[in-house]
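Welcome! Have the sequence and the 3D view ready, and let us walk through a few places in this structure together.

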Amino acid sequence: MDEVPPAAGTQYGEQPREEPFSVDGATSSVYVHAPFCARRCFYCDFAVTVDRQGGHEAWLQAITAEWRQTRHEGLFSFPEPLDTLYVGGGTPSLLGTRAMDGLASVIGLRLLSNPGLEWTAEANPESFTPAIARAWREAGVNRVSLGVQSFHEPSLRWMGRLHGSAGAAEAVRNARRAGFGNVSADLIFGLPGHLARDWGGDLARVLDLGVEHMSLYGLTVEPRTPLGQAVAGGRERVASEGRYRDEYLEAVERLTGAGYLHYEVSSFAIPGRESRHNEVYWSGRSYLGLGNGAHSFRKPLRRWNLRDWKEYSTSVVKGDSAIAGHEVLDRAALRLERIWLGLRARRGVSLASVPARAAAVTERWMRRDWARAEAGRLRLTVEGWLLLDALAIELDEAVTNRKDME
Ligand code: SF4
């Protein structure tokens, strides 16, 4: 393998001087999981409970119990009002009109008093009704993330989604009429070829929505899902690597051409509308997760809740712990994670934070144009982002063999 010299100004292996982790337990971001979905999608491996009504009272009771336990435990402290609150799922819009107001009462006025609070809630188009949209705005939600996925009816049916091709536009109208100025849409790519999904047409329609933010996810096959079983049994085939790549690159070209900033491997935003909550995850800051399957992080501890809704809710309401497991990250693991998360984002990582041991690997990435070194930072290119998982493994192997990481 031929080697190239480090780019001008490259200084590997110095101690990082930026992207600090929270050290005092002060937390300004909370994630709340809403587990209910009217139906489980074909490919979904999330912590979901099928329930057509959603059960907002049982949900609030469990979240209240866990919130009180966490406050009493004191590991996460909230000296300042929250910067971000994210209600994800599942399908939070199934919880009905009173759920977000109820959640605001649980979290409390002081923590929700930041005028710049980013409060996101996820919704599926079929349950994001005008009444839900109005109730969410009145409760204080100011960003809605819509599970659009596609506009192509056969693809929506194949996925098990409940909205039709016009559902996304109607949901965006409901959001705008209720006063939402910040709307995100999720789109999925890499669907099986037999669906004959018109990817270019879907990109045109999502652009027509005029939303401030888009997230783009490649279909992944999880073994536990019906899709995973169908693929294992030879009854379903996933997209070829070539089509997966072509669809991603076409999306990047169309969305950036329309003025969206490609600021993270899967995320596009009108400048200034990047998701601040997701940035908390990518920058290694502390966050608290409430609800079944939710994760929390406070350096150096990561922990996660019981995944099953019934087991979780029964436990917390009884006064028992919601926690299913935890890990304590050592210095080497924290450093590697910081690099890995930084490479997901457009800002990349400082070259000084990359261990010298990984220099041969990152220089090979640069030679292949999977990464670039600019102004003292290492950034992945779009081609590099397509290989993100493989590059992360390569980096991990290069770094974890290093004794001076300990
Ligand atoms: S709507 Fe989302 S969370 Fe619910 S089953 Fe489908 S993919 Fe999973």
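**A guided look at the model**

Strand 13, which covers residues 301-305, pairs with strand 14 in the antiparallel sense over 5 bridges. Keep in mind as you explore that this is a predicted model. The points below begin with the sheet that holds these strands, then turn to the ligand, a helix and some backbone details.

**The three-stranded sheet**

- Strands 12, 13 and 14 form an open sheet of 3 strands in the order 12-13-14, and the pairing is antiparallel.
- Which strands stand at the edges? They are strand 12 (295-298) and strand 14 (323-328); each has a single partner strand, so one side of each is left without a neighbour in the sheet.
- From one strand to the next, the twist averages 15°.
- To see the pairing of strands 13 and 14 for yourself, find asparagine 305, which stands opposite isoleucine 323 in strand 14.
- On the other pairing, strand 12 and strand 13 run antiparallel and are joined by 4 bridges.
- Here you can look for phenylalanine 297, whose bridge partner in strand 13 is arginine 302.
- Strand 12 leads into strand 13 by a hairpin with 2 residues.
- Proline 300 is found in this loop between strand 12 and strand 13, and a cis peptide bond with omega of about 0° joins lysine 299 to proline 300.

**Around the ligand**

- Which residues surround the ligand? They are Cys37, Arg39, Arg40, Cys41, Tyr43, Cys44, Phe46, Val48, Gly90, Asn124 and Arg161.
- Sorted by character, the residues of this shell divide into 6 nonpolar, 2 polar and 3 charged.
- Glycine 90, one of the residues around the ligand, lies in the loop between strand 4 (84-89) and helix 2 (99-107).
- The peptide bond that leads from glycine 89 to glycine 90 is cis, with omega near 15°.

**Helix 5 and its buried side**

- Helix 5 runs over residues 167-178, and its 12 residues should span 16 Å at 1.5 Å a residue; the C-alpha atoms at its ends are 17 Å apart, which agrees.
- Which residues of helix 5 are buried? Look for Gly167, Ala168, Ala171, Val172, Asn174, Ala175 and Ala178.
- These buried residues cover an arc of only 155° around the axis, which puts them on the same side of helix 5.

**Two residues with positive phi**

- Glutamine 149 is not a glycine, yet its phi is positive, at about 70°.
- You will find glutamine 149 in strand 6 (residues 143-149).
- Is glutamine 149 buried or exposed? Its relative accessibility is 8%, so glutamine 149 counts as buried, since buried means under 20%.
- Alanine 196, also a residue other than glycine, has a positive phi near 50°.
- Alanine 196 sits in the loop between strand 7 (183-189) and helix 6 (199-208).
- With 58% relative accessibility, alanine 196 counts as exposed, because that label applies over 50%.

**Another hairpin to find**

- Strand 16 (residues 371-374) and strand 17 (residues 377-380) run antiparallel, with 4 bridges joining them.
- Arginine 372 has arginine 379 as its bridge partner in strand 17.
- The hairpin of strand 16 and strand 17 has 2 residues between the strands, and alanine 375 there takes a positive phi near 50°.

How values were computed
Residues numbered from 1 in each chain as written. Predicted model: local features only at pLDDT ≥ 70, side-chain atom pairs only at ≥ 80, totals over all residues. Heavy atoms only, no water. Pairing = 2+ DSSP bridges. Axes fitted to C-alpha atoms, helices over the stretch in contact; angles between N-to-C directions. Near = heavy atom within 4 Å. Nonpolar A, V, L, I, M, F, W, Y, C, P; charged D, E, K, R; others polar. Expected span 1.5 Å × (residues − 1). Buried < 20%, exposed > 50% of the residue type's maximum accessible area, 1.4 Å probe, protein only. Arc of directions from axis to C-beta.
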